[in-house]
Amino acid sequence: MRVTVPHEWPHSVDEAAAIQERLRPLVRAADLGTGPIRTVAGLDVSYAEGSDRLAAAVVVLDADTLAVVEQVVAFGEAVFPYVPGLFAFRELPPLVEALEMLTTLPDLVVCDGQGVAHPRRFGLACHVGVVTGLPSIGIGKTAMNPFEAPGQERGASSPLVDNGEEVGRVLRTQDGIRPVFVSVGHGLDLAEACAWTLRLSPRYRLAEPIRLADHLGRQALRAPTS
DNA sequence: GCGACAG
DNA sequence: ATCTTGTCGC
């Protein structure tokens, strides 16, 4: 797929935050009116130990069977430091590169990190959704805000609140396993994001697209030829 | 002022 | 994110 990214790139933390503020209005927190979702792409970036080398992995799954349809890896180097709240500027470049290698145009994108559950309501999943135009979901493994634990059963959830507003859900994807933090990225609402997250997590804590992308990225980095 | 802070 | 040993379970 082709991804159109603004040519500008932040050279400072302040510039990065300003870009997030400017792009935030482009987020659609409700149904984008797209067609049926038949394929789902999972995104993840893995890092090497001693260097800045990284591998961005994208795995596309059939939405019904969860069978792998396509998978790609883009190698690169980190161009932005890890700063909480500016995480997207670290992972977006290699992820876009990987997305552009795809032959398949996914109908939904699932990101490893927050969507609108972000201090400026523009986490990685929102950024990916806006630059691709695709519906996207953010699934974080940890929260940026304090929260109350949901029930112990798979499917149980509680609100993720920031400044008095519900920005996401704390969602239990497996019985008795610590929950994940779901938020809207772009083009769908929170209820749909949670429903998809559950459907995409039939067996493990993490949704299959992300879990497989994580595996692919690590394996690629450890490969001799990488 | 200090620490905490998606991955 | 990554660093780590063994261990329990399918």
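Let's start with one serine: in this predicted model, the side chain of Ser-183 reaches the backbone nitrogen of Gly-115, and the distance there is 2.7 Å. So where is Ser-183 in the sequence of secondary structure elements? Look for strand β8, which covers residues 180-186, and you'll find Ser-183 in there.

Now, is Ser-183 buried or exposed? Its relative accessible area is 0%, and anything under 20% counts as buried, so Ser-183 is buried. You can get a feel for that by listing who sits around it. If we skip the neighbours within four places in sequence, Ser-183 is in contact with Gln-114, Gly-115, Val-116 and Ala-117, then Ile-137 and Gly-138, then Val-167 and Gly-168, and also Leu-190. Notice that Gly-115 turns up in that list, and Gly-115 is also the residue whose backbone nitrogen the serine side chain reaches.

Okay, let's zoom out to the whole of chain A. We have 5 helices and 8 strands here. If you want to trace them on your screen, go along the sequence with me: α-β-β-β-α-β-α-β-β-β-β-α-α. How compact is chain A? The radius of gyration is 16 Å, and the globule rule gives 17 Å for 226 residues; those are close, so chain A is as compact as a globular protein of that length. If you prefer a box, the C-alpha trace spans about 45 × 40 × 40 Å along its principal axes.

Back to burial for a second, this time for the entire chain: 55% of the 226 residues in chain A count as buried. And on the outside, chain A exposes about 10400 Å², with 52% of that supplied by carbon and sulfur atoms. As for contacts, take the ones between residues at least 6 apart in sequence: 65% of them join residues at least 24 apart.

Last stop, the DNA. Which residues surround DNA strand C? They are Ser-46, Tyr-47, Glu-49, Lys-141 and Arg-218. Sorted by type, the surface near the strand has 3 charged residues, 1 polar and 1 nonpolar. Two of these residues are worth clicking on. Lys-141 has a polar side-chain atom 2.9 Å from a phosphate oxygen of DNA strand C, and for Glu-49 a polar side-chain atom lies 3.0 Å from a phosphate oxygen of the strand.

And what part of the DNA faces the protein here? Of the atoms of strand C within 4 Å of the protein, 100% belong to sugar or phosphate. Okay, that's my tour, happy to scroll back to any of it.

Terms used. Residues numbered from 1 in each chain as written. Chains lettered and ligands numbered in written order. Predicted model: local features only at pLDDT ≥ 70, side-chain atom pairs only at ≥ 80, totals over all residues. Heavy atoms only, no water. Near = heavy atom within 4 Å. Polar contact = N/O pair within 3.5 Å; in protein donor to acceptor, adjacent residues only side chain to side chain. Nonpolar A, V, L, I, M, F, W, Y, C, P; charged D, E, K, R; others polar. Helix = DSSP H or I, 4+ residues; strand = E, 2+ residues; numbered from the N terminus. Rg over C-alpha atoms; globule rule 2.2 N^0.38 Å. Buried < 20%, exposed > 50% of the residue type's maximum accessible area, 1.4 Å probe, protein only. Contact = heavy atoms within 4.5 Å. Areas by Shrake-Rupley, 256 points an atom, 1.4 Å probe, with all protein chains shown as cover.
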